[in-house]
Amino acid sequence: MANYHISSDVLPTLADFSLPDELGFGEVKIPIMYRADYADGAWQPAELTPYGNIEIDPAAKVLHYAQEVFEGLKAYKVGDGRANFFRPLENLKRMNLSSARMCMIEIPEDIYMDGIGLMTAYSEAFIPNGSGKSLYLRPFLIGTRSNLGMGVSDTFTFMVIASPSDIYHAGHMKIQIEREACRAARGGTGAAKTGGNYAASLQSAQNVQRRGYDQSLWLDPIEMKYIEELSGMNFFILQNGELHTPMLNGSFLAGITRDSIISLARHKGITVVERDIAIQEVLTGIQSGAVSEIFACGTAAIVSPVSVIADADGTTYEVEKVDQLAATLRQSLLAIQERRETDPFSWSIEVDNKYNPA
Ligand code: COI
């Protein structure tokens, strides 16, 4: 039997909702939310309710010690079929790794699937159907125990909210190398999807945006020499016809889009190399032509081409080709995500009918 309750206000709330013409990314929220609490050593029955403020004890661990993890995944509905997810269990796997790193509770698969399944099935009429648009789902988990001492929470709230969205960062990106600050340390929480990593990137993002750039490019925290990632995206270069991307090392996120791009490129016969990539090698490669294209990828951004890399001293490096292989990979990935082409990897999963509104 389902271990959730659907509030009688959910359907009337949805009946009053309509999508605005302009979506943007993460601005518009579906007016319902899913919530499951963990207390007294057990998950309590979950609820689907209208979207609204949540009450939180001012001494909750999340507010002081940042016990929080989140995920981002998308539901698509292009064409006549049911809405579908893209590799949703990979997000759960990563969320539970993040959760373990932050000393939080494991989220059971049924609670997670109920959350994203109900949110998507109830929101199906509001999933934008243009290619590249989707329902961006944001599952998150917070430690709620009220205690100001350092230590782990024993009560948690898991929620799923959803935002009908456009691509995050569509268009060509101009990025700047961050030479001073670090986003995460080796052995730290960089590979966990926890808010603190993103908080640590904001100051640099603000600095580069004031100089007219879109994103900071983070270097390794030990030698400040090797490329790690952009603040919310993984990084790829096309070097002498091969695709190269930084090797996972525990201090940046193992992107699910990163993994999908690697598989997809190999499937197309492109050689993909995961290795430590020195920033200097990329800059020299742009100048010599060895590095002909650069792009970044992530769930929200899909595949975003990079047109310019700037150094902290103001030197700029213009990339020779912009959005060529990137466009091919984005189109192939989107075609699978949006079920317009066969999915050789079985990545796409339909939303279960059991979540349909009664
Ligand atoms: C995602 O791609 O889902 C992310 O988490 C990026 C986010 C910073 C918008």
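These legends walk you through close-up views of a predicted model with its ligand and its enclosed spaces.

**View 1. The ligand and the residues around it.** Welcome to the binding site, where the ligand is surrounded by F25, F70, G72, Y136, Y168, K193, Y198, G232, T299 and A300. By type, this shell splits into 6 nonpolar residues, 3 polar ones and 1 that is charged.

**View 2. Polar partners of the ligand.** Start at Y136, where an N or O atom of the side chain lies 2.6 Å from a ligand oxygen. The backbone takes part too: a polar backbone atom of A300 is 2.8 Å from an oxygen atom of the ligand, and one of T299 is 3.3 Å from an oxygen atom of the ligand. On its own the ligand has 290 Å² of accessible area, and the protein covers 89% of that.

**View 3. The ligand in its pocket, between two domains.** Here you can see the ligand sitting in the largest pocket. Domain 1 (4-167 + 347-355) and domain 2 (173-323) each contribute residues to the shell, so the ligand lies between them.

**View 4. The largest cavity.** Rolling a water-sized probe over the atoms reveals where empty space remains. Searching the whole structure turns up 2 cavities of 30 Å³ or more, and the largest has a volume of about 70 Å³. Its lining is made up of G72, L73, K74, Y76, F86, N91, I256, T257, T299 and Q337. You may recognise G72 and T299 from the first view, as both are also found around the ligand.

Methods: Residues are numbered from 1 along each chain as its sequence is written. This is a predicted model: local features need pLDDT of at least 70, side-chain atom pairs count only at pLDDT 80 or more; totals for chains, interfaces and linings use all residues. Side-chain values use heavy atoms; hydrogens and water are left out. A residue is near a molecule or strand if one of its heavy atoms lies within 4 Å of it. A polar contact is a pair of N or O atoms within 3.5 Å; within protein, one must be able to donate a hydrogen and the other to accept it, and residues adjacent in sequence count only if both atoms are side-chain atoms. Accessible areas come from the Shrake-Rupley method with a 1.4 Å probe; for residues, only the protein chains shown count as cover. On a 1 Å grid over the protein atoms alone, a cavity is a set of points where a 1.4 Å probe fits but cannot get out, and a pocket is an open set with protein on both sides within 12 Å along at least five of seven lines; lining residues have an atom within 4 Å of a point. A molecule sits in a cavity or pocket if more than half of its atoms lie within 2 Å of its grid points. Ala, Val, Leu, Ile, Met, Phe, Trp, Tyr, Cys and Pro count as nonpolar, Asp, Glu, Lys and Arg as charged, and the others, Gly among them, as polar. Domain bounds come from an automatic or database domain assignment. Grid points are joined across faces, edges and corners, and a volume is the space filled by probe spheres set on the points.
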